[in-house]
Amino acid sequence: MSLAAPPPPARLHHTAEPNASVAGEVAARPAPDSAPVTTESSAVSLRSDLVTLTKPRIVVMVLVTAAVAAVAAAGRSLDLVVLLHTLLGTALVGASAGTMNQIWEREIDCRMRRTRTRPLPAGRISTAAAVLYCAVLGISGTAYLAIFTGLVPAAFGLATWLTYVLIYTPMKTRTAWNTTVGAISGALPMMIGYTAAGGSVADPQGWLLVAVLVAWQYPHFMAIAWMYRHEYGQAGFLMTPVVEPSGRSAAAQSVAGALALLGVLVALVCLLDSGWSAAVLSSLMLLVSYGLIRDSIRFARQRDDASARRMMRASLLQLPAAMLVLVLAALWA
Ligand code: HEM
Ligand SMILES: CC(C)=CCC/C(C)=C/CC/C(C)=C/COP(=O)(O)OP(=O)(O)O
């Protein structure tokens with residue numbers, strides 16, 4: 001089977017746009033007509049396309065959250081081999097989910113500047129090859145999690161995949177509630193890490209970790225949805241700022257998410273630690289969350305692209321910082 005798709009329609013031939021790189025979605029650029037295409041350069045470009053199909057930066061951040069959940073479950077007695085197995089299996093399942101989302105959206109992605117340079121809409125990889133790649137990643141990832149970490153983490157891996165691919169992805173063109181479902185898919189990998197490291201599904205701690213990530217995704221994604229609202233609207237995606245263009249709803253969800261996030265983070269460190277160490281860790285949570293709360297309030301007041309961009313950046317700084325404090329809390333306990 002050839003990996004390359006048939007030539008795309010003429011309108012899809014383009015050079016990489018400036019915005020595309022923001023999402024890390026670039027872009028082995030097609031070689032100029034005059035340049036000889038070497039086997040080596042096409043192998044590099046294929047490798048880069050296969051990586052792009054998996055939404056690698058999101059996968060990396062998902063792995064960070066799954067690892068933190070594992071530390072929260074097991075503390076200092078975390079078995080590093082178990083952690084390694086968990087991360088490998090989660091990466092495979094997440095990569096498969098990212099690929100399936102791009103297969104599903106290969107036509108609608110042609111309509112957005114941010115996404116039309118992706119390998120499928122740009123016609124650099126065929127749908128059949130992407131389906132095969134997605135199946136290999138998904139089946140091996142789920143089996144890997146089941147064999148090396150247990151059936152419960154594997155079930156959470158499967159639930160992440162199914163909610164993201166079968167519920168969230170089709171909901172994007174139907175209702176703005178899609179973000180709530182996407183937030184649940186994005187948070188479930190926490191339970192892969194938590195249960196793989198010995199945590200129980202009945203522990204409130206594991207679900208508080210899920211709540212952290214659900215809350216975080218509101219300011220994270222409302223910022224993105226605002227910045228790309230015109231593209232999303234033209235493509236037919238019903239994101240909150242598309243259906244409510246004043247931005248008031250997106251702003252309210254961002255501020256509520258950022259404040260709820262701080263509340264859940266404080267509850268978590270108080271569950272993990274007690275006494276003065278809980279007070280210190282709660283203050284650290286306030287410190288790392290301050291920027292995101294401030295930027296979400298600024299976005300609520302201004303509702304412009306600059307304040308949305310600041311909020312998006314603040315979200316990408318806040319999450320790793322809060323994860324670091326959670327690791328400290330779990331190791332300190
Ligand atoms: C409702 C849930 C979510 C939606 C709809 C969403 C959507 C997006 C989109 C569209 C971008 C690209 C922004 C751009 O091109 O400027 C992005 C970036 C990013 N997202 Fe999310 N996201 C969600 C949840 C998550 C989760 C759970 C994580 C990881 C824990 C995550 C991690 C990232 C990272 C690291 C980036 C920046 C890197 C990149 O642009 O590829 N996101 N997100
Ligand atoms: C990719 C991956 C590791 C998935 C595992 C599950 C997961 C973490 C889901 C939540 C993240 C999410 C909804 C991201 C992208 O949105 P989108 O698909 O609407 O973004 P797009 O507009 O860039 O396609």
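Domain bounds here come from an automatic or database domain assignment. The model is predicted: local features need pLDDT of at least 70, side-chain atom pairs count only at pLDDT 80 or more, and totals for chains, interfaces and linings use all residues. Residues are numbered from 1 along each chain as its sequence is written, ligands are numbered from 1 in the order in which they are written, and side-chain values use heavy atoms, with hydrogens and water left out.

**Exercise 1. Describe how the two domains of the protein meet.**

Step 1. The assignment gives domain 1 (48-201) and domain 2 (203-333).

Step 2. Contact means heavy atoms within 4.5 Å. Domain 1 puts 37 residues into the contact and domain 2 puts in 33 residues.

Step 3. The C-alpha centres of domain 1 and domain 2 are 21 Å apart.

Step 4. Buried area is the accessible area (1.4 Å probe) that two parts lose on being put together, summed over both. Between domain 1 and domain 2 this comes to about 3,100 Å², with 68% from carbon and sulfur atoms.

**Exercise 2. Work out which elements and residues surround ligand 2.**

Step 1. Count the residues near the ligand, that is, with a heavy atom within 4 Å of it. Ligand 2 has 19 such residues, and Arg114, Arg118, Tyr164, Tyr168 and Lys172 are the closest.

Step 2. Assign them to helices (DSSP runs of H or I, at least four residues, numbered from the N terminus). At least two shell residues come from each of α2 (56-74), α3 (80-104), α5 (151-171) and α6 (178-187). The largest share, four residues, belongs to α3.

Step 3. List the polar contacts (N or O atoms within 3.5 Å). Oxygen atoms of ligand 2 lie 2.5 Å from a polar side-chain atom of Tyr168, 2.6 Å from one of Arg118 and 2.8 Å from a side-chain N or O atom of Lys55.

Terms used
A polar contact is a pair of N or O atoms within 3.5 Å; within protein, one must be able to donate a hydrogen and the other to accept it, and residues adjacent in sequence count only if both atoms are side-chain atoms.
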